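User: Please choose one part of this model and take me through it closely, giving the cut-offs behind each term as you reach it. I would like one connected account of how that part is arranged and what surrounds it.

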Amino acid sequence: MCSQFSVVSGPARGRGRWESASDVLESSVDLAAELQRIYESEINVRIGWFWDCGIEVRLGDDINGFLAEEFVPSIGEVLPWLQEAIARFYPDSTYAKTLDPELRERAARRLFTPPRTGAMAICPHCGAPNASMMDELIAFVCRHCGAPVEVKPPKVQ
Ligand SMILES: [Zn+2]
């Protein structure tokens with residue numbers, strides 16, 4: 001069992017938003033094409049799952065850290081999340097500029113979940129992104145300039 005799944009599952013889960021096989025086919029073609037465009041935009045993402053936990057989508061990578069993550073209940077919801085996350089965190093990327101203005105506006109207002117592990121921490125000395133290896137980042141040595149950096153705990157909102 002997976003604790004995250006209870007969030008995305010439940011009685012409201014019901015039937016997917018796709019009604020017919022042709023719709024599913026069309027969506028998967030779009031998914032492939034869009035993922036390719038994200039790849040060509042040099043944006044790093046991670047999509048993975050452990051069955052029954054939902055699908056984990058993350059924006060970022062192991063080296064530079066992650067910016068946001070989400071568990072979605074179906075593959076069909078991977079791309080919409082990725083598009084909004086990219087519009088929010090990489091608004092100047094080639095990919096984000098091709099997105100619908102309405103989507104970009106929605107992304108700017110959306111609340112994104114920060115990663116539980118591997119969050120991106122920016123070195124104040126050189127500005128390089130670093131991945132946190134711990135659940136809570138207290139301090140790190142910048143992988144770029146080698147400076148030790150102490151991380152202030154985030155303010156409670
Ligand atoms: Zn640095």
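Analyst: Axes here are lines fitted to C-alpha atoms, for helices over the stretch in contact, and the angles between N-to-C directions run from 0 to 180 degrees. The model is predicted, with local features requiring pLDDT of at least 70 and side-chain atom pairs pLDDT 80 or more, while totals for chains, interfaces and linings use all residues. Residues are numbered from 1 along each chain as its sequence is written.

The part I have chosen is the sheet with the helix that lies across it. α3 lies across β1, β2 and β3 and runs at about 25° to β2; helices (H or I, at least four residues) and strands (E, at least two) are DSSP runs numbered from the N terminus. For the setting, the chain has five helices and seven strands, and along the sequence they follow the pattern α-α-β-β-β-α-α-α-β-β-β-β. Confidence, given per residue by the predictor as pLDDT from 0 to 100, has a mean of 83 over the chain, with 76% of the residues at 70 or more.

The sheet is open and consists of three strands in the order β1-β2-β3, with antiparallel pairing, where two strands pair if DSSP finds at least two bridges between them. β1 (45-49) and β3 stand at the edges with a single partner strand each, so one side of each has no neighbour in the sheet. Ignoring direction, neighbouring strands of this sheet are turned by 20° against each other on average.

Taking the pairs in turn, β1 and β2 are joined in the antiparallel sense by five bridges. Within this pairing R46 has R58 of β2 as its bridge partner, I47 is bridged to V57 in β2, and W49 stands opposite I55, again in β2. On the other flank, β2 and β3 pair in the antiparallel sense over seven bridges, and V57 has E70 as its bridge partner in β3. V57 thus takes part in both pairings, with I47 as a partner and E70 as another.

The connections between the strands come next. A hairpin joins β2 to β3 through three residues, whereas the hairpin of β1 and β2 has five residues between its strands. D52 is placed in that loop between β1 and β2, and its phi is near 85°, a positive value in a residue other than glycine. D52 counts as exposed because 10 C-beta neighbours lie inside 10 Å; on this scale, which uses C-beta atoms placed from the backbone, a residue is buried with 20 or more others within 10 Å, exposed with 12 or fewer, and partly exposed in between.

Ahead of the sheet, the loop between α2 (21-40) and β1 holds E42, for which phi is near 65°, again a positive value in a residue other than glycine. E42 also counts as exposed, because it has 10 C-beta neighbours inside 10 Å. The C-alpha atom of E42 is 9.1 Å from that of Y95, although the two residues are 53 positions apart along the chain. Y95 itself lies in helix α4 (residues 94-97), and because it has 19 C-beta neighbours inside 10 Å it counts as partly exposed. Apart from neighbours within four places in sequence, the contacts of Y95 are R37, I38, S41, I43 and I86, a contact being a pair of C-beta atoms, placed from the backbone, within 7 Å.

I86 leads back to the packing of helix and sheet, since this residue is among those with the most contacts inside the largest nonpolar core, a set of 19 residues in which L59, F66, L82 and A85 also have that standing. Such a core is made of buried Ala, Val, Leu, Ile, Met, Phe, Trp, Tyr and Cys residues joined through C-beta atoms within 7 Å. At least two residues of this core are supplied by each of β2 (55-61), β3 (65-72) and α3 (78-89), and α3 gives the largest share, namely six. L82 touches I38, V45 and V57 when residues up to four places away in sequence are left out. I38 is therefore a shared point of contact, appearing in the list for L82 as well as in the list for Y95.

Over the whole chain, buried residues make up 20% of the 157 residues. Of the contacts with a separation of 6 or more, 44% link residues 24 or more positions apart.

Methods. Contact = placed C-beta atoms within 7 Å.
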